[in-house]
Amino acid sequence: MAGINTCTCTCEGGGEKVILLFPCSGASNVGQLTNQAAIELTREGVGKMYCLAGIGGRLEGFINTAKGADAVVAIDGCPAACARATLEGAGVPIHHYFMVTEMGIKKTHTFDLKPEDIALVCRRVKEALTST
Ligand code: SF4
C-alpha cells in the first residue's frame with residue numbers, strides 16, 4: 001500500500017512520487033468539498049494534502065516544498081480560483097487543476113456536504129492522476 005504522501009500505483013518506473021494536494025478550502029459548500037476531498041485522497045494515499053495558507057503567506061519552506069513536488073494538484077471550489085491564484089502568485093507550477101463548480105455542483109453557503117459530491121471530486125482527481 002502506498003504511503004500517505006506517495007503514489008506507487010501508476011508512476012512510471014515504479015518510483016514513488018510526491019503528489020501535493022492544494023484545496024482552496026473556501027467558506028462555501030464547494031470550498032469545503034475541496035477540503036474534504038483532499039483529506040480523503042490523503043487518507044487513501046493518492047497524494048498529500050498541503051497547506052495553501054503557507055503558500056499564500058509566502059513562507060519559503062512551503063513554497064520550496066511545493067516547487068520540489070513531482071505533481072502539484074490544485075482544487076478550487078468556484079471560478080474565483082483562489083488556489084490557482086495563490087500557487088501561481090508564488091511561482092508554483094500546477095500540474096493538475098480542478099474546479100468543483102465545473103463538475104456540476106452548485107455553490108451555496110450552507111456547508112451541506114453530500115457524500116456523493118465528495119466522492120465525485122475524489123474520483124475526478126484520481127482519474128486525472130491515473131491517466132498521466
Ligand atoms: S475558489 Fe471559490 S470556494 Fe474556493 S476559496 Fe475561492 S471563492 Fe471560496
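**Group meeting: a walk through the predicted model**

Okay, so of the 132 residues in the protein chain, 44% count as buried. Keep in mind while I talk that this is a predicted model.

Let me start with the overall layout. The protein chain has 5 helices and 5 strands. If you read from the N terminus, the order of elements is β-β-α-β-α-α-β-α-β-α. Now the contacts: if you take those in the protein chain with a separation of 6 or more, 64% come from residues 24 or more positions apart. As for the outside, the chain exposes about 6,700 Å², and carbon and sulfur atoms supply 53% of that.

On to the inside. In soluble globular proteins, nonpolar side chains tend to be buried together. Here, the largest nonpolar core has 23 residues, and V73, F98 and V125 are the ones with the most contacts inside it. Who supplies it? At least two residues each come from β2 (17-23), α1 (29-43), β4 and α5 (115-130). The largest share belongs to α5, with 7 residues. Apart from that core there's another one, of 15 residues, with F22, Y50, I63 and A66 among them.

Let's zoom in on V73. Skipping its neighbours within four places in sequence, V73 is in contact with I19, L20, L21 and F22, then H96 and F98, and finally V125 and L129.

Next, A74, which sits in strand β4, residues 71-76. So is A74 buried or exposed? It's buried, because its relative accessible area is 0%, and the cut-off for buried is under 20%. If you leave out residues up to four places away in sequence, A74 touches F22, A83, L87, I94, H96, Y97 and F98. Take L87 from that list: A74 and L87 are 13 residues apart in sequence, and C-alpha to C-alpha they're 8.2 Å apart in space.

Now the bit you've probably been waiting for, the ligand. Which residues surround it? Going along the chain, they are C24, G26, S28 and G31, then D76, G77, C78, A80, A81 and C82, and finally K107. By type, this shell divides into 5 nonpolar, 4 polar and 2 charged residues.

Two of the shell residues deserve a closer look. S28 is in the loop between β2 and α1. At 4% relative accessibility, S28 counts as buried. Not counting residues up to four places away in sequence, S28 touches K107, T108, H109 and F111. K107 is in the ligand shell as well.

The other one is A81, in the loop between β4 and α4 (82-89). A81 is buried too, with a relative accessible area of 5%.

There's a backbone point to make about A81. Most residues other than glycine have a negative phi. For A81, though, phi is near 55°, a positive value. S25 does this as well: it has a positive phi of about 55° although it is not a glycine. You'll find S25 in the loop between β2 and α1. Where does S25 stand on exposure, then? S25 is partly exposed, since its relative accessible area is 28%, and partly exposed runs between the 20% and 50% cut-offs.

If you've got the structure open, try starting at A74 in β4, then go to A81 in the loop between β4 and α4, and finish at S28 in the loop between β2 and α1. That's my tour, thanks.

Conventions. Residues are numbered from 1 along each chain as its sequence is written. This is a predicted model: local features need pLDDT of at least 70, side-chain atom pairs count only at pLDDT 80 or more; totals for chains, interfaces and linings use all residues. Side-chain values use heavy atoms; hydrogens and water are left out. A residue is near a molecule or strand if one of its heavy atoms lies within 4 Å of it. Ala, Val, Leu, Ile, Met, Phe, Trp, Tyr, Cys and Pro count as nonpolar, Asp, Glu, Lys and Arg as charged, and the others, Gly among them, as polar. Helices (H or I, at least four residues) and strands (E, at least two) are DSSP runs, numbered from the N terminus. Buried means under 20% relative accessible area, exposed over 50%, partly exposed in between (1.4 Å probe, protein chains only). Contact means heavy atoms within 4.5 Å. A nonpolar core is a set of buried Ala, Val, Leu, Ile, Met, Phe, Trp, Tyr and Cys residues joined through side-chain atoms within 4.5 Å. Accessible areas come from the Shrake-Rupley method with a 1.4 Å probe; for residues, only the protein chains shown count as cover.
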